[in-house]
Amino acid sequence: MGARPLDVMLIGGTGTGKSTTLNAIFQTDTAKVGHSFAPETMNVSDHMLNDIFRLWDTPGLGDGFDNDKSHVRKITELLHKPYGKYNEYGIIDLALVVVDASTRDLGTVYSLIADVLLPNINADRILTVINQCDMAMSGRHWDFYSNTPDSALKAFLDEQAESIRRRIRETTGVNIILPVYYSAEYGYNIEKVLDLIIDHIPKECRKL
Ligand SMILES: Nc1nc2c(ncn2[C@@H]2O[C@H](COP(=O)(O)OP(=O)(O)O)[C@@H](O)[C@H]2O)c(=O)[nH]1
Ligand SMILES: [Mg+2]
């Protein structure tokens, strides 16, 4: 296999913070961040961090029936995007599912995994991360001086990560790796997200 970057697709509900996550990892503001109710990401876009790492931002689901249909089509096209001498491999190596810590409704996450990802990519290439951990527990217990959760919020987030893993397993049958929680906005645990990705770089290309 020749030199090519690791290609990671960001996927999740609208407003979960995919674009902010991309910017936090890149320490730039290349990806447009949404404000109020207007989702900013309508198309797939790729962002090269360096020669070895590329992130793909995607439009978020939960954006109305017709928009969602078009978003799913674009995401599926990206999952089918080929590379290789004979176009035998898929360009996307890993899918990073971004969940919002203050959501109680995981319906979008379940259908993303079951209906969009699993038909196209192996379960061991699906990673789940919990963003906006500063906003869990209604924003209480976040220390704005150190930009870290206090011990009560940490305990809550540890339990939430376990609970999300369990509920995804029960609903989709996928045994995901324990999700990492972080705050893209305040730059907390971004290195944990990167570690999760690095620890799960697939050994082989993805056969289409
Ligand atoms: N409090 C908080 N807000 C966040 C965080 N990440 C993103 N946001 C905000 O959530 C909104 C949606 O973010 P965006 O990255 O556009 O979400 P996307 O639709 O998934 O790409 C923006 O107003 C962000 O500033 C976070 O970690 N904590
Ligand atoms: Mg976005």
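In which sense do strand β2 (residues 45–50) and β3 pair, and over how many bridges? Keep that in mind as you read these notes on the structure, which is a predicted model.

1. **The β2–β3 pair.** The pairing of β2 with β3 is antiparallel, and five bridges hold the record of it. The two strands form a hairpin, with two residues between them. To find the pairing on screen, look for N50, which stands opposite F53 in β3.

2. **The other neighbour of β3.** Strand β1 (residues 6–12) also pairs with β3, here in the parallel sense and over four bridges. F53 turns up again: this β3 residue is the bridge partner of L6. As a general reminder, strands of a sheet pair through backbone hydrogen bonds, either parallel or antiparallel.

3. **How covered is β3?** Strand β3 spans residues 53–57, and five of its five residues are buried. You can check this face by face: F53, L55 and D57 lie on one side, R54 and W56 lie on the other, and all of them are buried. Both faces of β3 are therefore covered, since buried means under 20% relative accessible area.

4. **The whole sheet.** Now step back to the open sheet of six strands, whose order is β2-β3-β1-β6-β7-β10. Its pairing is mixed. At the edges are β2 and β10 (180–181), each of which pairs on one side only. Further along the sheet, β6 and β7 run parallel and are joined by six bridges. A good place to look is A95, which stands opposite I126 in β7.

5. **A helix across the sheet.** Helix α5 lies across β1, β3, β6, β7 and β10. Relative to β7, α5 runs at about 175 degrees. This angle counts as roughly antiparallel because it is over 145 degrees.

6. **Helix α1, an enclosed helix.** Helix α1 covers residues 18–26, and nine of its nine residues are buried, so α1 is largely enclosed by the rest of the structure. Those buried residues are K18, S19, T20, T21, L22, N23, A24, I25 and F26. What covers them includes the strands β1, β2, β3, β6 (94–100) and β7 (126–131), together with the helix α5 (190–199). Just after α1 comes Q27, which takes a positive phi of about 55 degrees.

7. **H71 and its surroundings.** In helix α2 (residues 65–80) you will find H71. Is H71 buried or exposed? H71 is buried, because its relative accessible area is 1%, and the cut-off for buried is under 20%. The side chain of H71 makes a polar contact with the side chain of D63, at 2.9 Å. Leaving aside residues up to four places away in sequence, H71 touches M42, P59, G60, L61 and D63. D63 is thus worth clicking on, as it appears both in the polar contact and among the residues touched.

8. **Two helices that cross.** The axes of helix α3 (residues 107–117) and helix α4 (residues 151–172) come within 10 Å and cross at roughly 50 degrees. Helices α3 and α4 are therefore oblique to each other. Their crossing is right-handed. On the α3 side, the contact is made by V109, Y110, I113 and A114, and on the α4 side by R167, I168, T171 and T172.

Note on methods:
Residues are numbered from 1 along each chain as its sequence is written. Chains are lettered from A and ligands numbered from 1 in the order in which they are written. This is a predicted model: local features need pLDDT of at least 70, side-chain atom pairs count only at pLDDT 80 or more; totals for chains, interfaces and linings use all residues. Side-chain values use heavy atoms; hydrogens and water are left out. Buried means under 20% relative accessible area, exposed over 50%, partly exposed in between (1.4 Å probe, protein chains only). A polar contact is a pair of N or O atoms within 3.5 Å; within protein, one must be able to donate a hydrogen and the other to accept it, and residues adjacent in sequence count only if both atoms are side-chain atoms. Contact means heavy atoms within 4.5 Å. Two strands pair if DSSP finds at least two bridges between them. Axes are lines fitted to C-alpha atoms, for helices over the stretch in contact, and angles run from 0 to 180 degrees between N-to-C directions. Angles under 35 degrees count as roughly parallel, over 145 as roughly antiparallel, 65 to 115 as roughly perpendicular and the rest as oblique. A crossing is left-handed if the near helix is turned anticlockwise from the far one by less than a right angle, and right-handed if clockwise.
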